[in-house]
Amino acid sequence: MTGRGKIAAAVSAAALVASGLAGCGSGTPVGDPSAPGSATSPSPTTPPSSTTTSPSTTSTTPASIPTVPLAARAHTKAGAEAFVRFYFDEVNKAWMQPSVRNLAAYGAPTCKSCKAHREIAATLVAQKRRYDGPPSSILRANALATIDTHTYAVSFALVQEARHVVGVETRKVLEVVPRRVLTYEATVQMKGDSWIIRAIKASV
């Protein structure tokens with residue numbers, strides 16, 4: 001598989017559906033495991049200065065684990081919702097730098113989507129590519145207790161933002177990702193003084 005095919009397959013693997021690890025079309029979007037993206041190659045753009053990556057940060061060395069905000073550690077319904085938002089903020093940072101951040105601290109071994117997010121970060125680092133802006137944002141999140149108050153099912157609407165995957169050094173546009181709005185459900189469980197994501201699946 002070519003370098004472009006590998007990154008496209010990886011982006012497809014990042015789809016938040018745990019079982020949707022398929023697809024190899026160029027530009028396959030972050031939140032959709034099947035729909036192909038645009039195959040066009042726009043003229044190179046200059047990434048925002050706030051996300052410019054220096055050679056020292058583009059490595060496979062895990063960054064230090066950021067402190068989870070107090071709001072995202074609260075053992076409450078609002079805390080579970082805040083943790084899901086925090087998690088996707090960390091995924092965004094990892095794909096924009098790129099860097100192999102310690103996302104493993106936030107996902108349980110049962111979370112296939114969480115594993116895919118980490119694999120994409122590693123692929124971007126290895127191929128010296130990055131997103132030119134936050135890949136996703138969450139419109140809304142609503143948590144409902146499942147078995148008990150230690151476990152919540154957080155339903156959320158995720159916006160896959162229209163972005164470019166560019167070369168870290170060349171800044172040349174290599175992939176085009178279209179904007180889409182999708183809905184998912186994350187199962188989060190209290191672990192210690194914070195939360196951990198056990199699974200992410202598509203909402204029916």
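This is a chat about the sheets, core, disulfide and two buried residues of a predicted model.

Visitor: What kind of model is this, and how are residues numbered?
Guide: The model is predicted, with local features needing pLDDT of at least 70 and side-chain atom pairs counting only at pLDDT 80 or more, while totals for chains, interfaces and linings use all residues. Residues are numbered from 1 along each chain as its sequence is written, and side-chain values use heavy atoms, with hydrogens and water left out.

Visitor: What is the strand order in the sheet of 4 strands?
Guide: The order is S2-S3-S6-S7, in an open sheet with antiparallel pairing. Helices (H or I, at least four residues) and strands (E, at least two) are DSSP runs, numbered from the N terminus. Two strands pair if DSSP finds at least two bridges between them.

Visitor: Which strands stand at the edges?
Guide: Strand S2 (136–145) and strand S7 (194–202) do, each with a single partner strand, so one side of each has no neighbour in the sheet. On average, neighbouring strands here are turned by 30° against each other, direction ignored. Axes are lines fitted to C-alpha atoms, for helices over the stretch in contact, and angles run from 0 to 180 degrees between N-to-C directions.

Visitor: And how many bridges between S3 and S6?
Guide: There are 10 bridges between strand S3 (residues 151–160) and strand S6 (residues 180–191), in the antiparallel sense. One of the partnerships puts Gln160 with Arg180 in S6.

Visitor: Which helix lies across S2, S3, S6 and S7?
Guide: Helix H2 (residues 77–96) does, running at about 150° to S2.

Visitor: Which residues have the most contacts inside the largest nonpolar core?
Guide: Phe83, Phe156, Val188 and Ile200 do, in a core of 37 residues. Two or more residues each come from H2, helix H3 (112–126), S2, S3, S6 and S7. H2 gives the most, with 10 residues. A nonpolar core is a set of buried Ala, Val, Leu, Ile, Met, Phe, Trp, Tyr and Cys residues joined through side-chain atoms within 4.5 Å. Buried means under 20% relative accessible area, exposed over 50%, and partly exposed in between (1.4 Å probe, protein chains only).

Visitor: What does Phe83 touch?
Guide: Not counting residues up to four places away in sequence, Phe83 touches Val68, Ala72, Tyr106, Val188, Ser194, Trp195, Ile196 and Ile197. Contact means heavy atoms within 4.5 Å.

Visitor: Is Glu81, in H2, buried or exposed?
Guide: Glu81 counts as buried because its relative accessibility is 14%. Its side chain reaches the backbone nitrogen of Ala143 at 2.9 Å. Beyond its neighbours within four places in sequence, Glu81 is in contact with Ala141, Asn142, Ala143 and Val154.

Visitor: And Ala157, buried or exposed?
Guide: Ala157 is buried, with a relative accessible area of 0%. This residue is found in strand S3 and touches Ser137, Ile138, Leu139, Arg140, Leu182 and Thr183, leaving out residues up to four places away in sequence. Ala157 and Glu185 are 28 residues apart in sequence and 8.8 Å apart in space, C-alpha to C-alpha.

Visitor: Changing topic. What is the order in the sheet of 3 strands?
Guide: That open sheet runs S1-S4-S5, with antiparallel pairing. S1 and S5 stand at the edges with a single partner strand each, so one side of each is left without a neighbour in the sheet. Its neighbouring strands are turned by 20° against each other on average, direction ignored.

Visitor: How many bridges join S4 to S1 and to S5?
Guide: Strand S1 (residues 129–131) is joined to S4 by 3 bridges, with Tyr131 partnered by Val165. S4 and strand S5 (residues 173–177) share 4 bridges, and Val166 has Val173 as a bridge partner. Strand S4 (residues 163–167) is mostly covered, with 4 of its 5 residues buried.

Visitor: Where is the positive phi in the hairpin of S4 and S5?
Guide: Arg171 takes a positive phi near 60°, in a hairpin with 5 residues between the strands.

Visitor: How many disulfides in the whole structure?
Guide: The search finds 1 disulfide, a term for a pair of cysteine sulfur atoms within 2.5 Å. Cys111 and Cys114 form the disulfide, with sulfur atoms 2.2 Å apart.

Visitor: What is its handedness, and are those cysteines buried or exposed?
Guide: The link of Cys111 and Cys114 is right-handed, with 70° about the S-S bond. Both Cys111 and Cys114 are buried.

Definitions and conventions:
Polar contact = N/O pair within 3.5 Å; in protein donor to acceptor, adjacent residues only side chain to side chain.
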